[in-house]
Amino acid sequence: MLNTAIKAARRAATVINRASFDLDRITVSEKEHNNFVTDIDQAAEQAIVETLLKAYPDHAILGEESGPSKNLNDESEYAWIIDPIDGTTNFIHGYPNYCISIALQQKGVITQAVIYDPVRNDLFTATKGAGAYLNDKRIRVRNPDRLAKALIAANHGPEPRALAEFLRMYETVHPRCHGVRASGSAALELANVAAGRSDGYFEKGLKVWDIAAGALLVTEAGGIVGEFNGESEYLHKGDIIAAGPKVFAQMVTLLAPFA
Ligand code: LIP
């Protein structure tokens, strides 16, 4: 199943890379203020869904662009959760920080994860209980002993209210670590934590397709993922902190007031 997801991600990447050479030709629409979708998101999702359903015609689908398939329900044995371009705003601008995110949920539990960065050709994969990998090499969170030694990533959604709260959270965390970076792709931020490229990440108001694959990568790389109060319903809640165990505890202490 992981191999099928990798094949699907690579097919989507072909669509995305081709389009990235001529961004003026893509069709952009605004779902809501500053929340964009392009014809390339839709074409990439179609390529992913076709590949998955060719191999597994009975599986359910939850795609950012196509929504839930008719057979998706709480009882679905297998459901694929897809974000064809996580970081669409970056993609539209040619800002090279976006990725394809595909997760498999099996009876409510995420068991497979693929995040593919088509710009850097970085393929992140994880299988529950079998570790996390970047381009076939095992990855682990960095786990510094103190937040004061950590580089943290964070983002915020498009709503003005979310921005105001984000600025307060930024003010809280930034002076206590090496810095906070905001680069517009939740899935890649999680993959970066898993690979030890950053030490922690926080964001509120996300959708399940933004975080399902990335959360498995982090936990399989030895990290912790939770809500702002440390609880574990982050996939449904959409508010997430991810980090190595020591930094996670310190981030929860600082960010719990924003839960
Ligand atoms: C985006 C996220 C980003 C978040 C945006 C949006 P999209 O996903 O990854 O981190 O701040 O609100 O959800 O819409 O590009 O797939």
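Select Asn121 to begin: at 44% relative accessibility, this residue counts as partly exposed (buried means under 20% relative accessible area, exposed over 50%, and partly exposed in between, with a 1.4 Å probe and protein chains only). Asn121 sits in the loop between strand E7 (109–117) and strand E8 (122–127). Helices (H or I, at least four residues) and strands (E, at least two) are DSSP runs, numbered from the N terminus. Although Asn121 is not a glycine, its phi is positive, at about 55°.

The model on display is predicted; local features need pLDDT of at least 70, side-chain atom pairs count only at pLDDT 80 or more, and totals for chains, interfaces and linings use all residues. Residues are numbered from 1 along each chain as its sequence is written, and side-chain values use heavy atoms, with hydrogens and water left out.

**Two further loop residues**

Move next to Asn135, in the loop between strand E9 (132–134) and strand E10 (137–139). Asn135 is not a glycine either, yet has a positive phi of about 50°. With 37% relative accessibility, Asn135 counts as partly exposed.

Asn73 can then be selected in the loop between strand E4 (67–68) and strand E5 (78–86). Asn73 is partly exposed, its relative accessible area being 43%. A C-alpha to C-alpha distance drawn from Asn73 to Thr172 gives 39 Å, for a separation of 99 residues in sequence.

**The start of the chain**

Select Met1, in the segment before H1. Met1 has a relative accessible area of 31% and is partly exposed. Show its surroundings: leaving aside neighbours within four places in sequence, Met1 is in contact with Tyr56, His59, Tyr78, Trp80 and Leu104 (contact means heavy atoms within 4.5 Å). Of these partners, Leu104 is 103 residues from Met1 in sequence, with 8.4 Å between the C-alpha atoms.

**Helices H1 and H2**

Now display helix H1 (residues 2–20) together with helix H2 (residues 39–55); their axes come within 8 Å and cross at roughly 155°. Axes are lines fitted to C-alpha atoms, for helices over the stretch in contact, and angles run from 0 to 180 degrees between N-to-C directions. The angle makes H1 roughly antiparallel to H2 (angles under 35 degrees count as roughly parallel, over 145 as roughly antiparallel, 65 to 115 as roughly perpendicular and the rest as oblique).

To view the contact, select Thr4, Ala5, Lys7, Ala8, Arg11, Ala12, Val15, Ile16 and Ala19 on H1, and Ile40, Ala43, Ala44, Ala47, Ile48, Glu50, Thr51, Leu52 and Ala55 on H2. These residues divide into 13 nonpolar, 2 polar and 3 charged. Ala, Val, Leu, Ile, Met, Phe, Trp, Tyr, Cys and Pro count as nonpolar, Asp, Glu, Lys and Arg as charged, and the others, Gly among them, as polar.

Within H1, pick out Arg11. At 39% relative accessibility, Arg11 counts as partly exposed. Apart from neighbours within four places in sequence, Arg11 is in contact with Ala47, Glu50 and Thr51. Gly214 lies 203 residues from Arg11 in sequence and 20 Å away in space, C-alpha to C-alpha.

**Helices H5 and H6**

Proceed to helix H6 (residues 208–220), whose 13 residues should span 18 Å at 1.5 Å a residue; its end C-alpha atoms are 18 Å apart, which agrees. The expected span is 1.5 Å times one less than the number of residues in the helix. In H6, 12 of the 13 residues are buried, so the helix is largely enclosed by the rest of the structure. Just after H6, Gly222 has a positive phi, near 95°.

Add helix H5 (residues 186–194): the axes of H5 and H6 come within 8 Å and cross at roughly 0°. The two helices are therefore roughly parallel to each other. On H5, select Ala186, Ala187, Leu190, Ala191, Val193 and Ala194, which meet Asp210, Ile211, Gly214, Ala215, Leu217 and Val218 of H6. By class, this contact has 10 nonpolar, 1 polar and 1 charged residues.

Finish at Leu190 in H5, which is buried, with a relative accessible area of 0%. Not counting residues up to four places away in sequence, Leu190 touches Tyr201, Asp210, Ile211, Gly214, Ala215, Val218, Ile240 and Ala242. Gly200 is 10 residues from Leu190 in sequence, and their C-alpha atoms are 8.2 Å apart.
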